[in-house]
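User: Hey, I've got a chain with a ligand to look at. Can you walk me through it?
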Amino acid sequence: MPIREDALTDEGTVGHGSHGLARAIFIGLVTLLGAWVGWSACAGAGPELALTAEEGRGRVLYTQYCAQCHGGATGGKLKDIPPRHNANGHTWHHPDQQLIEIVLNGFSFSVESQKMPAFKATLTEEDVRVVLAYIKTWWTSEQREWQAKVIAQAGQ
Ligand code: HEC
């Protein structure tokens with residue numbers, strides 16, 4: 001009997017000890033995760049505040065030439081015409097080079113009255129690139145990754 005009791009105590013102690021370690025690791029991970037979630041929440045909440053110089057220039061151009069038809073950072077639905085360029089639209093389904101061509105040369109998928117005007121008389125290719133850089137700040141990181149893959153597949 002005493003042997004069994006000792007064995008139980010030892011077992012209990014060892015068990016408790018490793019449990020405590022697992023718990024410490026778990027708490028550590030939760031703390032790290034919390035810090036990461038907090039950080040990404042901040043990063044997600046303030047893209048407008050944390051624009052690079054390029055994105056900031058894109059914002060000025062977008063506000064002047066595009067926002068009246070395509071709207072802003074939020075709102076809209078996938079099938080809106082003119083399409084939304086934010087995370088609710090489908091702009092992120094297309095590679096940069098295709099988007100640049102659409103903006104410079106214009107585009108009309110169906111109805112003449114719902115036409116994307118050509119901007120090549122107004123904007124340079126570099127201007128359009130910074131506008132795209134700004135639009136991309138509205139996309140989720142998954143959308144940005146997906147679009148980067150599409151570009152890689154298209155060899156652009
Ligand atoms: C007068 C309204 C109008 C203005 C201004 C305008 N667009 Fe468009 N745009 C449209 C319409 C309408 C379409 C959809 C054409 C279609 O589907 O046939 C479109 C389509 C597009 C598309 C292709 C669809 C997509 O999102 O993948 C892109 C990219 C685009 N516009 C970017 C821009 C950018 C950048 C600017 C500013 C430099 C701009 N547009 C200014 C009306 C406009």
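Analyst: Sure. One bit of vocabulary before the ligand: Ala, Val, Leu, Ile, Met, Phe, Trp, Tyr, Cys and Pro count as nonpolar, Asp, Glu, Lys and Arg as charged, and the others, Gly among them, as polar. Also, keep in mind that this is a predicted model.

User: OK, so by class, what does the shell around the ligand have?
Analyst: That shell has 15 nonpolar, 10 polar and 1 charged residues.

User: And which residues are the closest to the ligand?
Analyst: Cys66, Cys69, Thr91, Phe109 and Met116 are the closest, out of 26 residues that surround the ligand.

User: Which helices each supply at least two residues of that shell?
Analyst: Helix H3 (67–70) and helix H4 (96–105) do.

User: Let's zoom out. How many helices and strands does the chain have?
Analyst: There are 6 helices and 0 strands. As for burial, 13% of the 156 residues count as buried.

User: What about contacts over a long stretch of sequence, what share join residues at least 24 apart?
Analyst: 57%, taken among contacts between residues at least 6 apart in sequence.

User: Switching to packing: at what angle do H2 and H5 pack?
Analyst: About 100 degrees, and the axes of H2 (residues 53–65) and H5 (residues 125–136) are 7 Å apart. That angle is why H2 counts as roughly perpendicular to H5.

User: Which residues make the contact?
Analyst: On the H2 side, Glu54, Glu55, Arg57, Gly58, Arg59, Leu61 and Tyr62. H5 brings Asp127, Val130, Val131, Ala133, Tyr134 and Ile135. By class, the residues of this H2 and H5 contact split into 7 nonpolar, 1 polar and 5 charged.

User: Which residues are in the largest nonpolar core?
Analyst: It has 10 residues: Cys66, Leu99, Ile100, Val103, Val128, Val130, Val131, Tyr134, Ile135 and Trp138. H5 gives the most to this core, with 5 residues, and H4 and H5 each supply at least two.

User: What's valine 103 in contact with, leaving aside its neighbours within four places in sequence?
Analyst: Phe119 and Val128.

User: Last one, threonine 52. Buried or exposed?
Analyst: Threonine 52 is exposed, because it has 12 other C-beta atoms within 10 Å, and 12 or fewer counts as exposed. It lies in the loop between helix H1 (2–45) and H2.

User: How far is its C-alpha atom from that of alanine 133?
Analyst: The C-alpha atoms of threonine 52 and alanine 133 are separated by 9.3 Å, with the two residues 81 apart along the chain.

Methods:
Residues numbered from 1 in each chain as written. Predicted model: local features only at pLDDT ≥ 70, side-chain atom pairs only at ≥ 80, totals over all residues. Helix = DSSP H or I, 4+ residues; strand = E, 2+ residues; numbered from the N terminus. Buried ≥ 20, exposed ≤ 12 C-beta atoms within 10 Å, placed from the backbone. Contact = placed C-beta atoms within 7 Å. Near = placed C-beta within 6 Å. Axes fitted to C-alpha atoms, helices over the stretch in contact; angles between N-to-C directions. Parallel < 35°, antiparallel > 145°, perpendicular 65-115°, else oblique. Core = buried A, V, L, I, M, F, W, Y, C linked by C-beta atoms within 7 Å.
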